[in-house]
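Trainee: Before we go through this one, please put the sequence and the structure up. I have some questions about one residue and about the ligand.

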Amino acid sequence: MTTRNLIPLIIVLTLMTTNCSSNRREFGKTPSGESVELYTLKSATGVEAAISTYGGVVVSLKVPDRAGALGDIVLGFDDFRSYLLPPPYFGAIVGRYGNRIAHAAFTLDGVEYKLAKNDGDNSLHGGTRGFDKVLWKAKPGNGQSLELTYLSKDGEEGFPGNLSVTVVYTLADNNELKIDYTATTDKDTVLNLTNHSYFNLAGQGEGDILAHQLTLNADRYTPVDKGLIPTGELRSVEGTPLDFRQPHAIGERIGSGDEQMVLGRGYDHNFILNRTGDGLSLAAKVTEAKSGRVLEVLTTEPAIQFYTGNFLDGTIRGKGGKVYGRRSALCLETQHYPDSPNHPAFPSTELRPGATYHTTTVYRFSTGS
Ligand code: GLA
């Protein structure tokens, strides 16, 4: 073969290689100069998810409406640097302990561990530098999955044990974004991993979510005090604005004078899921009438935090310059109960050497009438 004949072959091979890696681009650099990458997963049915190695953040999630038009339905930023600012935790992996730990302290095996107080007197979402603010190592799959790993050193943010964490995002052709969380430790520890995506099924930045209809498969929830710490009671939702066993518009009862709605400044509560067995079970369903988009959340976790973006206040400008006002998105964070390390009666969040933590959550998208 002559050199001339080889040229087309070289072009084809170059194109093939570029195509294989084209789902990866540089998103930015951390303040210490490390490169942050953005991977775009695509399903054969057209759903797209862009995931950053910084914080494992789901930066965008494009799903079809009833006419087949793709829309980005999660809040976030176009530029990487905005993710370095104080967090609303847009799209991030949250850990080691998603949600709150009262007084930022817990006792395990007779030893008291002290954490950073980054939410009043309490610890929130893993502390000042939680899993949403670290760089994860990426191992791409076939363009539809991404494996992220992180080693959280013994003592990081005050938690015991070297914790080795793997989070795998998989975009399936039936329009499901699946998240698998796995972890092991070399010392007794506690953990509660989740994802903090903010959804607006009408499209990110398209107004508030008060007309979205929500169903939650939960008979009970954990009422909170003014610091949003569970009182320890498991209370029935019956006859309260927290009863979503039948679909209700999110805005229908959000402004009611119910004590819990006042304390939460809206919905910011942990719902205990009705479940049988250990497998994936339906936790929540959200529908949005104009787009026809439907989101179902399935999980192996015992609870889900439903949060209506009460702390968003219009000061954040997100993707495409959209202003994110109060309640412009909702979070459905699958997890264990908040402050479990201080509530022996709650399902345990302890992990011991030799055991493997494994949970799965699926965000399933479809359209309805
Ligand atoms: C969680 C909490 C909220 C709030 C957000 C982040 O969902 O429950 O109270 O802290 O994270 O702003």
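Mentor: A polar contact here is a pair of N or O atoms within 3.5 Å; within protein, one must be able to donate a hydrogen and the other to accept it. Keep in mind that this is a predicted model.

Trainee: With which side chain does the side chain of Tyr39 make a polar contact?

Mentor: Tyr39 is found in strand E2, residues 35-42. The side-chain pair in question is at 3.1 Å, and the cut-off is 3.5 Å. The partner is the side chain of Glu37.

Trainee: Why is Tyr39 classed as buried?

Mentor: Among the residues it contacts, leaving aside neighbours within four places in sequence, are Asn23, Ala50, Ile51, Pro140 and Leu146. Buried means under 20% relative accessible area. Tyr39 is classed as buried because its relative accessible area is 3%.

Trainee: What distance separates the C-alpha atoms of Tyr39 and Glu26?

Mentor: Along the chain, Tyr39 and Glu26 are 13 residues apart. Their C-alpha atoms are separated by 8.8 Å.

Trainee: Now the ligand. How much of its area does the protein bury?

Mentor: The residues around the ligand include Arg100, His125 and Gln305. Polar side-chain atoms of Arg100 and His125 lie 2.7 Å and 2.9 Å from an oxygen atom of the ligand, and for an N or O atom in the side chain of Gln305 the distance is 3.3 Å. Taken alone, the ligand exposes 300 Å², and the share of that buried by the protein is 95%.

Trainee: Which pocket does the ligand take up?

Mentor: Tyr89, Asp268 and Glu333 are also among the residues around the ligand. The space the ligand takes is the largest pocket.

Note on methods: Residues are numbered from 1 along each chain as its sequence is written. This is a predicted model: local features need pLDDT of at least 70, side-chain atom pairs count only at pLDDT 80 or more; totals for chains, interfaces and linings use all residues. Side-chain values use heavy atoms; hydrogens and water are left out. Helices (H or I, at least four residues) and strands (E, at least two) are DSSP runs, numbered from the N terminus. Buried means under 20% relative accessible area, exposed over 50%, partly exposed in between (1.4 Å probe, protein chains only). Contact means heavy atoms within 4.5 Å. A residue is near a molecule or strand if one of its heavy atoms lies within 4 Å of it. Accessible areas come from the Shrake-Rupley method with a 1.4 Å probe; for residues, only the protein chains shown count as cover. On a 1 Å grid over the protein atoms alone, a cavity is a set of points where a 1.4 Å probe fits but cannot get out, and a pocket is an open set with protein on both sides within 12 Å along at least five of seven lines; lining residues have an atom within 4 Å of a point. A molecule sits in a cavity or pocket if more than half of its atoms lie within 2 Å of its grid points.
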